[in-house]
Amino acid sequence: MSTAEREDDPLEDFDARSIDLDGVARRVYVSGQGPGVIVMAEMPGISPDVARFARWIRQAGFTVYMPSLFGRDGAHPLAGDGLAVLRRACISAEFHALAGRGSSPVTRWLRALARLAHRECGGAGVGAVGMCFTGNFALAMMLEPAVLAPVLAQPSLPLDDPAALESDDGELRGIRARLERDGLDVLAYRFEGDRHCRAERFAAYAAALGPRFVAHVLPDDAARPDPPPFFADVVGCPHSVFTAHLVDVDGSPTRRALAEVIAFLRERLWAPAAFAAETVI
């Protein structure tokens, strides 16, 4: 099926729950068994490729919580519709898309979701995967003790300063202190030529978080050459490591990156005996 012919994803294999936390109700797609992992969609929303990533995480032995934060759930990402979603998000009070404004307010709700996921699923803690617009959200969620395994995929905020970070200095100090105290790491991924998540941003993360920030930079030729229209026409460069630009072929750099993330989540969230048994299999 060509990019233009792809259909929307009905998400019927997920339980669409309305979850009210701190007085704010959001739709969250939940599915799976095992420790909880919060999967936060990139722009322009929960696309079929984002849902595919969530299913891979579910298949690996986790309960996925996929909150609807913007866009039309399950929609194939078309250029015009995606631009409209991006513009609305940039002026929303829930998101801080520009430099100097600190973490987006929605991260408070996401930390509450992580607490709920840990209560419901048990395990050592919760994982958090943020992508593009939500990339830094996984880092801000580290202020919640239940979050043990943050993954930042092409974190793109703030949009107006490639060397800036969405978190303010106080938040970064608190996160770094927790990483060092608890022996935790932050995994981060980007393509080398990504114009929306550039080398300057990863350098800023490394300076703020030290060696606990574990960066992975993939070559541009590892990206899928025919992504959906929003990514081809609006994003316009290799960008989405685990979704729109993932090459779904065994041994590809993007599939190896996916395997790294799954191994990271298992190491941090599964009980040691269960992880050892799985690796033997």
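A residue is called buried when its relative accessible area is under 20%. By that cut-off, buried residues make up 56% of the 281 residues in this protein. The model is predicted.

The fold contains nine helices and eight strands. The radius of gyration is 17 Å, close to the 19 Å that the globule rule gives for 281 residues, so the protein is as compact as a globular protein of that length. The C-alpha trace spans about 45 × 40 × 40 Å along the principal axes. Contacts between residues at least 6 apart in sequence were also examined. Of these, 74% join residues at least 24 apart. The exposed surface comes to about 11,300 Å². Carbon and sulfur atoms supply 51% of that area.

One pair of glycines illustrates a separation in sequence set against a distance in space. Glycine 170 and glycine 102 are 68 residues apart in sequence. Their C-alpha atoms are 9.8 Å apart. Glycine 170 is part of helix α5. Its relative accessibility is 39%, so glycine 170 counts as partly exposed.

Charge was considered next. The protein carries 29 positive and 37 negative side chains. The centres of the two sets lie 4 Å apart. Side chains of opposite charge can pair when their charged atoms come close. The count of salt bridges in this model comes to 20.

Arginine 27 and aspartate 73 form one such salt bridge, with the closest N and O atoms 3.2 Å apart. Arginine 27 lies in strand β2, residues 24-32. Aspartate 73 lies in the loop between β4 (63-67) and α2 (79-91). The pair therefore ties together parts that are 46 residues apart in sequence. The partners fall into separate burial classes. Arginine 27 has a relative accessible area of 43% and is partly exposed. Aspartate 73 has a relative accessible area of 17%; this is under the 20% cut-off, so aspartate 73 is buried.

Arginine 224 forms a salt bridge with aspartate 226. Here the closest N and O atoms are 3.1 Å apart. The arginine is the buried partner in this case: arginine 224 has a relative accessible area of 15%. Aspartate 226 is partly exposed, at 43%.

Arginine 255 pairs with aspartate 248, and the closest N and O atoms of this salt bridge are 2.4 Å apart. Arginine 255 has 24% relative accessibility and counts as partly exposed. Aspartate 248 is also partly exposed. Its relative accessible area is 42%.

Some of these residues belong to a network. Salt bridges link Asp49, Arg52, Arg224, Asp226, Asp248, Asp250 and Arg255. The network thus includes the pair of arginine 224 and aspartate 226. It also includes the pair of arginine 255 and aspartate 248.

Backbone geometry was then inspected. Most residues other than glycine have a negative phi, and most peptide bonds are trans. Exceptions to both patterns occur in this model. A cis peptide bond joins methionine 43 to proline 44, with omega about 0°. Proline 44 lies in the loop between β3 (36-39) and α1 (48-59). The peptide bond from leucine 157 to proline 158 is cis as well, and its omega is near 0°. Proline 158 sits in the loop between β6 (147-153) and α5 (169-182).

Positive phi values are found at leucine 11 and cysteine 132. Phi of leucine 11 is near 60°. Leucine 11 is placed in the segment before β1 (15-21). With 3% relative accessibility, leucine 11 counts as buried. Phi of cysteine 132 is near 55°. Cysteine 132 lies in the loop between β5 (126-131) and α4 (137-140). At 11% relative accessibility, cysteine 132 is buried too.

Note on methods:
Residues numbered from 1 in each chain as written. Predicted model: local features only at pLDDT ≥ 70, side-chain atom pairs only at ≥ 80, totals over all residues. Heavy atoms only, no water. Helix = DSSP H or I, 4+ residues; strand = E, 2+ residues; numbered from the N terminus. Rg over C-alpha atoms; globule rule 2.2 N^0.38 Å. Buried < 20%, exposed > 50% of the residue type's maximum accessible area, 1.4 Å probe, protein only. Contact = heavy atoms within 4.5 Å. Areas by Shrake-Rupley, 256 points an atom, 1.4 Å probe, with all protein chains shown as cover. Lys, Arg positive; Asp, Glu negative; His and termini not counted. Charge placed at Lys NZ, Arg CZ, Asp CG, Glu CD. Salt bridge = Lys/Arg side-chain N within 4 Å of Asp/Glu carboxyl O.
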